[in-house]
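Subject: Structure handover

Hello,

Here is the structure for your work. The findings follow below it.

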Amino acid sequence: MIKNLRPLRIAGVGYSVPDAIITNDDLTKLYDTSDEWIYTRTGIKERRVVSGNENAVDLGEKAARNAIAKSGIKIEDIDCVIAAASAPPQLYPALSCNIQTRLGIPNYVPAFDMTAACSGLIYALQVARGLIGAGLYKNILLVASDNNSRLVDWEDRGSSILFGDGAGAFVVTEAEDGVDDILSIDVRADGSLGQYIYMNIPGKNCPLVDPCDETDAKIHMSGRDVYKFVVTTLPNYIDKCIEDAGMTAEDIDYLIPHQANQRIIEAMQQRLNYPDEKVISNIKYYGNTSAASIPIALVEGVEQGKVKLGSTAILCGFGAGMTWGAAVVRLRDGIC
Ligand code: UT7
């Protein structure tokens with residue numbers, strides 16, 4: 001960890017999911033699959049999807065409002081907005097700019113999106129830590145929100161079974177009491193594995209030059225490659241993040257991982273030798289909600305009494321890029 005950074009406090013966490021539920025049985029109307037196949041391979045039973053004109057901005061707005069309410073920080077005191085958005089309704093204006101306006105955050109504070117796919121929340125936390133640590137901003141809103149269901153290929157049973165829509169938000173602030181809630185954090189990327197999960201933006205060259213290849217605007221995923229990469233990389237990586245925090249796995253109360261596949265979650269659980277109570281999983285009901293999955297799992301875990309605050313957790317995510325990241329954090333009372 002870099003020394004002499006100003007300490008960061010996680011002040012509030014919130015989430016939001018759409019109302020519409022698509023079960024595995026519903027998916028059998030789209031292609032040849034079964035609840036049994038999907039559940040045993042992924043742990044997913046159902047997922048939420050946006051309906052009508054609802055989109056990631058709506059979800060992000062609600063998640064942000066919930067996080068701000070818990071944080072006790074006034075909207076007018078938020079001085080930076082960062083969104084982790086990989087499947088937003090528009091490339092620009094940025095999702096963060098839309099959220100700034102919807103919430104009435106002062107219309108001069110910086111707002112920008114960053115794309116690190118499902119690792120986005122950990123990446124955003126790392127960026128916020130740098131900005132707060134350097135004293136550049138004081139109260140930062142982080143929003144992770146994607147409407148994946150608009151961008152998956154609903155004819156591809158290998159990928160569309162996995163994803164759902166949802167949003168999560170963190171409000172982070174300079175810790176007045178000097179206690180840093182980030183005990184360790186690290187983010188990584190290996191762009192040479194970009195073909196494992198990708199989404200093109202279709203377009204056409206200027207008609208006066210040779211045409212480019214045509215593409216679609218759909219999520220393409222080589223599930224098996226992602227799976228192998230994650231189960232061989234993440235367990236060792238988590239060990240390193242725990243060591244960086246100067247802790248052992250036993251010292252940490254919860255593993256709150258990105259919800260991508262129950263079998264991947266179990267691979268991490270085995271490595272840490274954690275009993276089920278220490279591992280927060282809600283993939284059964286939401287599928288993979290990208291960067292939002294960690295805050296959704298955290299807040300829902302608190303709501304359901306599975307996560308007790310005044311504790312510590314290891315958060316870890318991975319996704320397209322390939323990107324990955326992990327943080328050991330303090331979860332103070334009252335943050336959600
Ligand atoms: O945030 C990161 C997001 N991505 C991930 O975390 C993805 C990680 N990977 C996975 O979760 C798994 O690879 C999947 C669940 C996506 C797929 O499971 P798999 O065991 O790796 O299946 P597969 O793609 O190797 O396919 C095995 C078989 C194939 O049939 P054949 O060729 O062996 O006859 C597929 O056609 O299963 C078939 N299949 C299906 N069958 C029924 C693929 N999807 C389905 C389906 N229903 N939905």
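To begin with a single residue, Asp-26 is partly exposed because its relative accessible area is 26%; here buried means under 20% relative accessible area, exposed over 50%, and partly exposed in between (1.4 Å probe, protein chains only). This is a predicted model, in which local features need pLDDT of at least 70 and side-chain atom pairs count only at pLDDT 80 or more, while totals for chains, interfaces and linings use all residues. Residues are numbered from 1 along each chain as its sequence is written, and side-chain values use heavy atoms, with hydrogens and water left out.

Salt bridges

Asp-26 shares a salt bridge with Lys-29, at 3.5 Å from N to O. The term stands for a side-chain nitrogen of Lys or Arg within 4 Å of a carboxyl oxygen of Asp or Glu. By this rule there are 14 salt bridges. Lys-29 counts as exposed because its relative accessibility is 68%.

A second bridge joins Asp-35 and Lys-45, whose closest N and O atoms are 2.8 Å apart. This pair links distant parts of the chain: Asp-35 is in helix α2 (residues 35–42), Lys-45 is in the loop between α2 and β3 (46–49), and the two are ten residues apart. Helices (H or I, at least four residues) and strands (E, at least two) are DSSP runs, numbered from the N terminus. Asp-35 counts as partly exposed at 21% relative accessibility, and Lys-45 is partly exposed with a relative accessible area of 28%.

Arg-271 and Asp-239 also meet through their side chains in a salt bridge, 3.0 Å from N to O. Arg-271 lies in helix α8 (residues 262–272) and Asp-239 in helix α7, so the bridge ties together parts that are 32 residues apart in sequence. Arg-271 is partly exposed, with a relative accessible area of 37%, and Asp-239 is partly exposed, with 29%. Elsewhere, salt bridges that share partners join Asp-58, Glu-61, Arg-65 and Arg-102 into one network.

Ligand

How many residues surround the ligand, and which are the closest? There are 22, and the closest are Thr-33, Arg-41, Gly-223, His-258 and Asn-261; a residue counts if one of its heavy atoms lies within 4 Å of the molecule.

Three arginines place polar side-chain atoms by ligand oxygens. An N or O atom in the side chain of Arg-41 is 2.9 Å from an oxygen atom of the ligand. For Arg-157, a polar side-chain atom lies 3.0 Å from a ligand oxygen, and for Arg-224 a polar side-chain atom lies 3.0 Å from an oxygen atom of the ligand. Taken alone the ligand exposes 950 Å², of which the protein buries 74%. Accessible areas come from the Shrake-Rupley method with a 1.4 Å probe; for residues, only the protein chains shown count as cover.

Aromatic pairs

A search of the whole structure gives two aromatic pairs. Rings of Phe, Tyr and Trp (its six-membered ring) pair if their centres lie within 6.5 Å; planes under 30 degrees apart count as stacked, over 60 as edge-to-face and the rest as tilted.

Phe-229 and Trp-324 form an edge-to-face pair, 5.2 Å centre to centre with 70° between the planes. The pair links distant parts of the chain, with Phe-229 in helix α7 (residues 223–244) and Trp-324 in strand β13 (residues 323–331), 95 residues apart. Both Phe-229 and Trp-324 are buried.

The ring centres of Tyr-237 and Trp-324 are 6.4 Å apart and their planes are at 75°, so this pair is edge-to-face too. Tyr-237 is in helix α7 and Trp-324 in strand β13, 87 residues apart. Both Tyr-237 and Trp-324 are buried. Ring pairs thus link Phe-229, Tyr-237 and Trp-324 into a cluster.

Helix α10

Helix α10 (residues 293–303) is mostly covered, with ten of its eleven residues buried. Among them are Ile-294, Pro-295, Leu-298 and Glu-300. Gly-305 follows α10 and has a positive phi, near 75°.

Surface patch

Leu-91, Tyr-92, Met-199 and Ile-201 make a nonpolar surface patch of about 490 Å². Patches are made of residues with over 30% relative accessible area and no salt bridge: like charges are joined within 9 Å, nonpolar side chains (Val, Leu, Ile, Met, Phe, Trp, Tyr) within 5 Å. Tyr-92 is in the loop between β4 (80–84) and α4 (95–103), and counts as exposed at 68% relative accessibility.

Regards

Methods
A polar contact is a pair of N or O atoms within 3.5 Å; within protein, one must be able to donate a hydrogen and the other to accept it, and residues adjacent in sequence count only if both atoms are side-chain atoms.
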